[in-house]
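Visitor: I am new to this structure. Please take me through one part of it closely, and tell me how the sheet is put together and what packs on it.

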Amino acid sequence: MQRRRFLASSLAASAMAIDVSTRCVQAAPQISDGNTREYYELRRYYLQTGPQQKLTSSFVADALIPALNRIGMKPIGAFDLYIGPETPSLYVLIPSMSLETLVNAELRLARDEEYQKTGAAFLNAPAKEPAYVRVESSLMIAFEGWPKLTLPPVTAQHGSRVFQLRTYESASTQDHRRKVEMFNSGEFDIFQTAGFWKVFYGDTLIGPRLPNLTYMLSFPDLAELNAKWKAFSSDPTWQKLRTSPRYSFEEIVSNITSLILNPTSYSQI
C-alpha cells in the first residue's frame, strides 16, 4: 500500500513539473508590438588540425543543417574562427522562435533516420579518433530592441562578408542589465547610422562566464570593419549615451571578447 501511494505521489509530482515547464515555455517573452523574441543556441566545436576539421565540417553541412531545417530552424549559421584564441574552431548559430523546439532538437534528431545515416561517421566516431575535442554551447534570448536575426544583404548571393562576434561580460547582474538597456535605449540606432550589418543580439541565459551578452555584426571585409567602428566611436550620440550618468556611474562592462569569423561555404547566414 505504501509503495502504491509513493508511486502515485511521484507520478503526480512529475505531471505537475511537466505542466509548469510547458507553461513556462509557452509564456515566451513578448515585445511591445506583439512579436515573440527569438532564442539562439551558439555552439562551438573545438577541433584539432587535420581529419577532425573535415569530418565536423561535413557533418554540419550535410547532416546537421538539413536536419535542423526540417524541424523548422533556419537560417543556420556556420563559421570558421579566423582571428581569436584556440583555432581551429567551428561556430554554429541556431535560431528558433520556440524555446521548446530548440531545447528538444537533439531528441528529435535522434529519431531522424536521414540525419543518423548521413551523420554516422561523426556521430559514431570512436574514442581513439574523436570527431572533435569538446563542444561548448550557450543559450540566449534576443534583445527586445532586435528580436530577430537579420541576414547580411549579400548572403543570398554568397557575397564576400566577414563576421565579428562580441561578448560583453559584466561584474554584476545590475551592470549587465544596464548594458542590455543601453543597447535598447539608443545604441542600436548608432550601429545603424554607422552602417553596420547587424545580425543578432543575444542575452545569455545559460552558458559560461555569466552574466554576459553576445552580438554579431557583419561587414564586406576587415577594412570596412575598422571604418565602421571608427564612425561608431566618433558619433556624438554615442559619446552622449556612454557618458550618461545612468551608464557611466561605474564600469558596466568588465571584459570584452571579440572574434573574427569567416562564413563556411554552407552557412545560411
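Guide: Start with the barrel. Eight strands close into it, in the order S1-S3-S2-S8-S5-S7-S6-S4, and their pairing is antiparallel. From one strand to the next, the twist averages 35°. This is a predicted model.

Strands in a sheet are joined by hydrogen bonds between their backbones, and the pairing can be parallel or antiparallel. Now take one pair. S1 covers residues 39–46, and S3 covers residues 89–96. The two run antiparallel and share 8 bridges. Look along this pair for Arg44: Tyr91 in S3 stands opposite.

Next, the helices. H2 spans residues 51–70 and packs on the sheet. H2 touches three strands: S1, S2 (77–83) and S3. So both partners of the pair above are touched by H2. The direction of H2 makes about 160° with that of S1.

H8, residues 222–234, packs on the sheet too. H8 touches S2, S5 (162–169), S7 (212–219) and S8 (255–263). Its direction makes about 120° with that of S7. S2 is touched by H2 and also by H8.

Now step back to the whole chain. It has 10 helices and 8 strands. There are 269 residues, and 44% of them count as buried. Consider contacts with a separation of 6 or more: residues 24 or more positions apart account for 78% of these. The accessible surface comes to about 14,400 Å². Carbon and sulfur atoms hold 53% of that surface.

Notes. Residues numbered from 1 in each chain as written. Predicted model: local features only at pLDDT ≥ 70, side-chain atom pairs only at ≥ 80, totals over all residues. Heavy atoms only, no water. Helix = DSSP H or I, 4+ residues; strand = E, 2+ residues; numbered from the N terminus. Buried < 20%, exposed > 50% of the residue type's maximum accessible area, 1.4 Å probe, protein only. Contact = heavy atoms within 4.5 Å. Areas by Shrake-Rupley, 256 points an atom, 1.4 Å probe, with all protein chains shown as cover. Pairing = 2+ DSSP bridges. Axes fitted to C-alpha atoms, helices over the stretch in contact; angles between N-to-C directions.
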